[in-house]
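Please take a moment with the sequence and the structure shown below. The paragraphs that follow lead from one residue to a helix, and then to a second chain.

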Amino acid sequence: MSQQLSVKHLLGIKDLTKEDIELIFQTADNFKEVINRPIKKVPSLRDITVANIFFENSTRTRLSFELAEKRLSADVVNFSASGSSVSKGETLIDTVNNILAMKVDMVVMRHPKPGAAVFLANHINASVINAGDGTHEHPTQALLDAFSIREKLGNVEGKKVVIVGDILHSRVALSNIFCLQKLGAEVMVCGPKTLIPKYMQDLGVKVEHDLIKALNWCDVANMLRIQLERQDIKYFPSLREYSMLYGLNRTILDGLEKEIVVMHPGPINRGVEITSDVADSKQSIILDQVENGVAVRMAVLYLLAQNSGFKQ
Amino acid sequence: MQNGQTKRIFNKELLSITIDRLCYQLIENHNDFKGTVIIGIQSRGVLVSRRIFKRLQEINPTINIEYGELDISFYRDDFRRRELIVPSANKMDIQVEGKVVVLVDDVLYTGRTIRAALDALLDFGRPTKVELLALIDRKFSRELPIAADYIGQSIDTIASEKVLVQLQSDDGDDGVWITSSETKL
């Protein structure tokens, strides 16, 4: 087991090695124990200030990061693009450099443009954690998804995971594919042809357009949200039709040959990609994913802080 | 493990005599261990604490001792100043609130591990008293005002030397070695 991450920033799963991911998981196991104690806090990052910079809306990820930072005793500043000087025409680097001038050690950033985190990492000294860059990657989500599969099924290696829905616009899908493949799982994507990019097969991913066939193949189904905010043109006739063809309901779940695990990265559109009785069922680990999110993000912050330390 | 720069200061027999003595000292002070908790410090201190826990039960099978293991990685004061120590698991399914805690470590050196352990311990509750048991006490090298209540043996060492406690099982090659830092064990 390697003793430190091979990277200084967490920009995407693509840059991580299998050993990195395993180190993150092992550390997250310990943090999961910490956040289930009466005193859910350890002093590790007490000399670190983290800026959460969100140029795009987020509830779960931002809260999860903020809780993770606070439970590591880091100081936290929050910044969101709306109501800031970004609307006055300030550039990304100027905004971030101004924040860093106030002595911030780490930056957690979400941005609508793919590659924004990489760009930032190339131009500033602080450690950057990508909390989602457009349709590119969302590494901490993929890590917590794989961590939750490992927790539920004991191992990720050899498991079959299908990602259902809007693959084209999903940063969760891409990060998940990289992460699961590095850990030795088989990955399939399922959705309407218009929402599956053409290069998918090149990534070694199976493509299936029939939901029932895909579900019968898999051990785990990760149901993605339809990202209406990213759809500039119509990719399918109506939400109702999408829901009829690709929505997961109790009848489909009960008709499968074996019991599968159901995941969702949130926010859920109940009744569209997943019905309420499935989302709230025993097979669903949606809330475990949220709990694990804090532990995994604590592990990432802790390990990156270690790498940016001042060793003799 | 045997070479010119390594010196064995405890053999297997001496080690078990010392462990026995520490156990009897604990019994002397804690009687039936009612209200006392033994907690080993991860990762090397648990080797000693497990042995002591086992030996105490052998000496007096009727006593019921509460036992835990504490990981202090997240409380260290040298985080980001040295190589990463991958954390070990906590086994703290015990109440420390209002108890007398005996912290157990293998080697007491600078005292910084114990400082971190006290911080970690207080996050699980407020013990009425905390005692410290160290198998080896490296005298004159303390960086914090910390002293052990139970000591296996005090030894003189210099900073470049390392002390290794090997305590795997009853059949293993148990012992304590002092080695100069260039030697790889």
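In this predicted model, a good place to begin is His138(A), which has a relative accessible area of 4% and therefore counts as buried, the cut-off for that word being under 20%. In chain A, His138(A) sits in the loop that runs between strand S4 (127-133) and helix H5 (139-153). If its neighbours within four places in sequence are set aside, His138(A) is in contact with Thr61(A), Arg110(A), Ala131(A), Gly132(A), Arg171(A), Val172(A), Ser175(A) and Arg297(A). With Arg110(A), moreover, the side chain of His138(A) makes a polar contact of 3.2 Å.

The next stop is a helix of the same chain, H11, which covers residues 286-307 of chain A. Helix H11(A) has 22 residues, and the distance from its first C-alpha to its last is 31 Å, close to the 32 Å expected at 1.5 Å a residue. Even so, H11(A) contains a kink of about 25°, centred on Asn292(A). The helix is mostly covered, since 18 of the 22 residues of H11(A) are buried.

Turning to chain B, the reader can find Leu118(B) in helix H3, which comprises residues 112-122 of that chain. Leu118(B) has a relative accessible area of 32% and is therefore partly exposed, as this value falls between the limits of 20% and 50%. Apart from its neighbours within four places in sequence, Leu118(B) is in contact with Leu103(B) and Val130(B). Between Leu118(B) and Glu28(B) there are 24 Å in space, taken from C-alpha to C-alpha, and the two are 90 residues apart in sequence.

Notes
Residues numbered from 1 in each chain as written. Chains lettered and ligands numbered in written order. Predicted model: local features only at pLDDT ≥ 70, side-chain atom pairs only at ≥ 80, totals over all residues. Heavy atoms only, no water. Helix = DSSP H or I, 4+ residues; strand = E, 2+ residues; numbered from the N terminus. Expected span 1.5 Å × (residues − 1). Bend = angle between axes of the 7 residues up to and from the residue. Buried < 20%, exposed > 50% of the residue type's maximum accessible area, 1.4 Å probe, protein only. Contact = heavy atoms within 4.5 Å. Polar contact = N/O pair within 3.5 Å; in protein donor to acceptor, adjacent residues only side chain to side chain.
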